[in-house]
Amino acid sequence: MSEPAIMEIDNVNFENHQPVYNDKKEILEGFLRPQKMLNPKFFYDHHGSVLFEKITQLPEYYPTRIERKILKDNAQSIADHCGTETIIMEPGSGSSEKVRILLDSLRPRAYVPMDIAGDFLLESAIKLGGQFPWLDIHAVCADFSQPGWIPEKIPEGKRLVFYPGSTFGNMQPEDALDFLEKLKIFLNGSGGVLIGIDLHKPEALLNAAYNDREGITAQFNLNALNNINQLAEADFDLANFEHHAFYNSNEQRIEMHLVSQRDHSVSIDGETITFGKNESIHTESSYKYTVDSFSTLVASAGFRVVNSWVDEEVLFSVHYLELD
Ligand code: SAH
Ligand code: AVI
């Protein structure tokens, strides 16, 4: 991996590993499969990150609201488990909104937000640094689905991974296990993981959360094509696709697709890709767990659930994990 570009602004240090964005091959491979697919990381250019923030404020999108409440209501108990003076690393930190809830009780030695959306990450880190002048921030722009993303140049100390939002659920369970293996490198034999996991619930609630009335989730889904147009010199016309999201009860996941409204073809990095009417691109899976199924999954990667916090309606969960 080439040396990252580094920038320093007051209490914020920003490392840019310039991730993935030239990986036309990865994009094209997804379109050559029988079920066309796109890794959900391609939602997140700057505009996609702004749209995600809008999603988090929608009445139907319960995960952010409930997780924030769990963190607020249990901030002291969480600090008692995670410890203070740690180095907190947050993969997929986005706007870094949730960590704010814990900063006063966790009083970390440093905070390492890392995200694929570099401009949005930098803006968020500068804003956070201004609001918490005592906090040492080491923002890292990198792609955690690629090897070598664990930042090396961070302060010494006990480590805590903060992975809220159920972004873990956007990985296939086998990829999620690989991801946990990589976290062990960062944890360096000690420390823990504070992770947010969305839970099973009535299908109507799930379907509503991914089909909001304002159509923001539809815009977020379609924006992936805008991003691909930039990244892979493609010529998708967004008007040819419609958002489709539904709960797949066999797989226990929400699936998001973009469905072609007509027979047509698209050029991607010089290759012609054809779409039939009603053919879809699978753009995201969002797996839902139970506290038990999640505990069983992480145990197979050598982690033990030390404590779990859930809301009164058991809609969302936050867990503290340690290495077994
Ligand atoms: N943690 C925040 C944001 C969750 S949205 C919250 O809980 O609200 C998911 C975030 O993960 C986005 O900011 C997105 O840019 C980032 N992300 C998705 N795939 C990624 C990847 N492969 N590498 C790095 N960041 C990624
Ligand atoms: C980031 N991630 C956990 C969100 C989710 O719910 O799976 C992304 C999202 N997709 C549609 N709405 C929100």
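Here are some notes on the two ligand sites, one sheet and a few single residues in this predicted model.

1. **Who sits around ligand 2.** The shell here has 14 residues, and those coming nearest are Y61, N170, Y210, E284 and S286. Sorted by class, the shell splits into seven nonpolar residues, six polar ones and one charged. If you're setting up a site definition, that's the list to begin from.

2. **Polar contacts to ligand 2.** Three side chains are worth a look. On the nitrogen side, a side-chain N or O atom of E284 is 2.7 Å from a nitrogen atom of ligand 2, and a polar side-chain atom of N170 lies 2.9 Å from a nitrogen atom of the ligand. On the oxygen side, the side chain of S286 places an N or O atom 2.7 Å from an oxygen atom of ligand 2. As for cover, ligand 2 taken alone exposes 340 Å², and the protein buries 97% of that. Three elements each give two or more residues to this shell: α2 (46-56), α9 (216-231) and β13 (280-287).

3. **Where does ligand 2 lie relative to the domains?** Residues of the shell come from both domain 1 (5-201 + 288-323) and domain 2 (215-287), so ligand 2 lies between the two. Keep that in mind when you read the next points, as β13 turns up again.

4. **The four-stranded sheet.** Going across, the order is β3-β13-β10-β9; the sheet is open and its pairing is mixed. The edge positions belong to β3 (36-37) and β9 (241-248), each of which has a single partner strand, so each has one side without a neighbour in the sheet. As a reminder, strands in a sheet pair through backbone hydrogen bonds, in either a parallel or an antiparallel way.

5. **Pairing, strand by strand.** Let's walk along it. β3 and β13 run parallel and are joined by two bridges, with K36 standing opposite I281 in β13. Next, β13 and β10 pair in the antiparallel sense over seven bridges; here E255 is opposite S285 of β13. Then β10 (residues 253-260) and β9 pair over eight bridges, also in the antiparallel sense, and H244 faces H257 in β10.

6. **Is β13 covered or open to solvent?** β13 is mostly covered, with eight of its eight residues buried. The strand is also one of the elements that give two or more residues to the shell around ligand 2.

7. **Ligand 1.** This site has 17 residues around the ligand, with G92, K98, D115, D143 and F144 coming nearest. Its class make-up is six nonpolar, six polar and five charged residues. Among the polar atom pairs, a side-chain atom of K98 lies 2.7 Å from an oxygen atom of ligand 1. The backbone takes part too: a polar backbone atom of F144 is 2.9 Å from a nitrogen atom of the ligand, and a backbone N or O atom of G94 lies 3.5 Å from an oxygen atom of ligand 1. Taken alone, ligand 1 exposes 570 Å², of which the protein buries 94%.

8. **Two positive phi values.** Most residues other than glycine have a negative phi, so a couple of residues caught my eye. S96 has a phi near 55°; this residue is in the loop between β4 (87-91) and α5 (97-106). E233 has a phi near 40° and belongs to the loop between α9 and β9. Buried or exposed? S96 is buried, at 3% relative accessible area, while E233 counts as exposed at 51%.

9. **K69.** This lysine is in helix α3 (residues 62-73) and is partly exposed, as its relative accessible area of 49% falls between the 20% and 50% cut-offs. Its side chain makes a polar contact with that of D73 at 2.6 Å. K69 and D311 are 242 residues apart in sequence, yet their C-alpha atoms are 7.8 Å apart in space.

10. **S293.** Last one: S293 lies in helix α10 (residues 291-299) and is partly exposed at 30% relative accessibility. The S293 side chain reaches the backbone nitrogen of T290 at 2.8 Å. For a longer-range view, S293 and A208 are 85 residues apart along the chain, with 24 Å between their C-alpha atoms.

Notes:
Residues are numbered from 1 along each chain as its sequence is written. Chains are lettered from A and ligands numbered from 1 in the order in which they are written. This is a predicted model: local features need pLDDT of at least 70, side-chain atom pairs count only at pLDDT 80 or more; totals for chains, interfaces and linings use all residues. Side-chain values use heavy atoms; hydrogens and water are left out. A residue is near a molecule or strand if one of its heavy atoms lies within 4 Å of it. A polar contact is a pair of N or O atoms within 3.5 Å; within protein, one must be able to donate a hydrogen and the other to accept it, and residues adjacent in sequence count only if both atoms are side-chain atoms. Accessible areas come from the Shrake-Rupley method with a 1.4 Å probe; for residues, only the protein chains shown count as cover. Ala, Val, Leu, Ile, Met, Phe, Trp, Tyr, Cys and Pro count as nonpolar, Asp, Glu, Lys and Arg as charged, and the others, Gly among them, as polar. Domain bounds come from an automatic or database domain assignment. Two strands pair if DSSP finds at least two bridges between them. Buried means under 20% relative accessible area, exposed over 50%, partly exposed in between (1.4 Å probe, protein chains only).
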